[in-house]
Amino acid sequence: MAAWNSRGLRGSTLEEMVNRTNEQYASKKLALIQKIPTPITPVRIDKEHRHITLAYFDQRSTVDYIGAVQGIPVCFDAKECGTSTFPLANIHPHQVRFMEGFEQQGGISFLLIFFSSTDQFYYLTFRELKVFWERRENGGRKSFTQEELNPDFYLHARDGTFIPYLDGIQKDLNLRD
């Protein structure tokens, strides 16, 4: 197995669920969200079979998804966590900077977190992420726990939608007003 595939399968189920949710929202004309391909740098190429055999992820990528919901610019990243504690090391500083800039331009940035140990989806507003991020930057905890999260932002499947993140966006918007 090539080096770049070793981590590539992690979160693929989450990605598939987000992609299917995006397709559902697009078919209902509720949102148009696209997956941003993760840039890789090839290291070794099998010229005979015309495929990459070794590569590494380029850390300069921004977020996983970007688009619009009812005219509102939206960007988000999808993360999976196997415990009740989410390590902030799973988020890169350039992603936080991008999300902050996106918010400054009037968009909505957030993280979709799947806590696989409890089978729960969480919509983490950028404001909430920033609190945890700044705590870390100031020498505090390098993670946050599920107990610290706002229970109103857990997402519950309904109407055949895998991950109803539009519910989270609506709650996020309501708090901004």
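The legends below walk through a predicted model of one protein in several close-up views.

**View 1. The whole chain, a predicted model with four helices and 10 strands.** Helices (H or I, at least four residues) and strands (E, at least two) are DSSP runs, numbered from the N terminus. Reading from that end, the elements follow the order α-β-β-β-β-β-β-α-β-β-α-β-β-α. Of the 177 residues in the protein, 38% are buried, where buried means under 20% relative accessible area, exposed over 50% and partly exposed in between (1.4 Å probe, protein chains only). The protein exposes about 10,200 Å², with carbon and sulfur atoms supplying 53% of that area; accessible areas come from the Shrake-Rupley method with a 1.4 Å probe, and for residues only the protein chains shown count as cover. Contact means heavy atoms within 4.5 Å. Among contacts between residues at least 6 apart in sequence, 64% join residues at least 24 apart.

**View 2. Confidence along the chain, with the N-terminal stretch in frame.** The mean pLDDT of the protein is 87, and 88% of its residues reach 70 or more; pLDDT is the predictor's confidence in each residue, from 0 to 100. Over residues 1-11 the pLDDT is below 50, and this stretch has 12 contacts in the model beyond near neighbours in sequence. Residues are numbered from 1 along each chain as its sequence is written, and side-chain values use heavy atoms, with hydrogens and water left out. In this predicted model, local features need pLDDT of at least 70 and side-chain atom pairs count only at pLDDT 80 or more, while totals for chains, interfaces and linings use all residues.

**View 3. The largest nonpolar core, a set of 43 residues.** A nonpolar core is a set of buried Ala, Val, Leu, Ile, Met, Phe, Trp, Tyr and Cys residues joined through side-chain atoms within 4.5 Å. Look for F76, F110, L112, L124, Y165 and I169, the residues with the most contacts inside this core. Strand β7 (residues 108-115) gives the most to the core, with seven residues. Leaving aside neighbours within four places in sequence, L124 touches F110, L111, I113, L129, F132, F144 and L149. In soluble globular proteins, nonpolar side chains tend to be buried together.

**View 4. A buried lysine, K79, and its partners.** K79 sits in strand β5 (residues 72-81) and has a relative accessible area of 13%, so this lysine counts as buried. The K79 side chain pairs with that of D77 in a salt bridge (3.0 Å, N to O); the term means a side-chain nitrogen of Lys or Arg within 4 Å of a carboxyl oxygen of Asp or Glu. D77 is also buried, with a relative accessible area of 2%. A polar atom of the K79 side chain lies 2.8 Å from the backbone oxygen of N90. Beyond neighbours within four places in sequence, K79 is in contact with L14, F86, N90, I91, Q95, L112, I113 and F114.

**View 5. Salt bridges on the helices, including E100 with K130.** The structure holds 12 salt bridges. The side chains of E100 and K130 meet at 2.2 Å, N to O. This pair links distant parts of the chain, with E100 in helix α2 (residues 93-104) and K130 in helix α3 (residues 126-137), 30 residues apart. Both are partly exposed, E100 at 26% relative accessibility and K130 at 22%. E137 forms a salt bridge with R136, the closest N and O atoms being 2.8 Å apart. Salt bridges that share partners also join E103, R127, D172 and R176 into one network.

Key
Polar contact = N/O pair within 3.5 Å; in protein donor to acceptor, adjacent residues only side chain to side chain.
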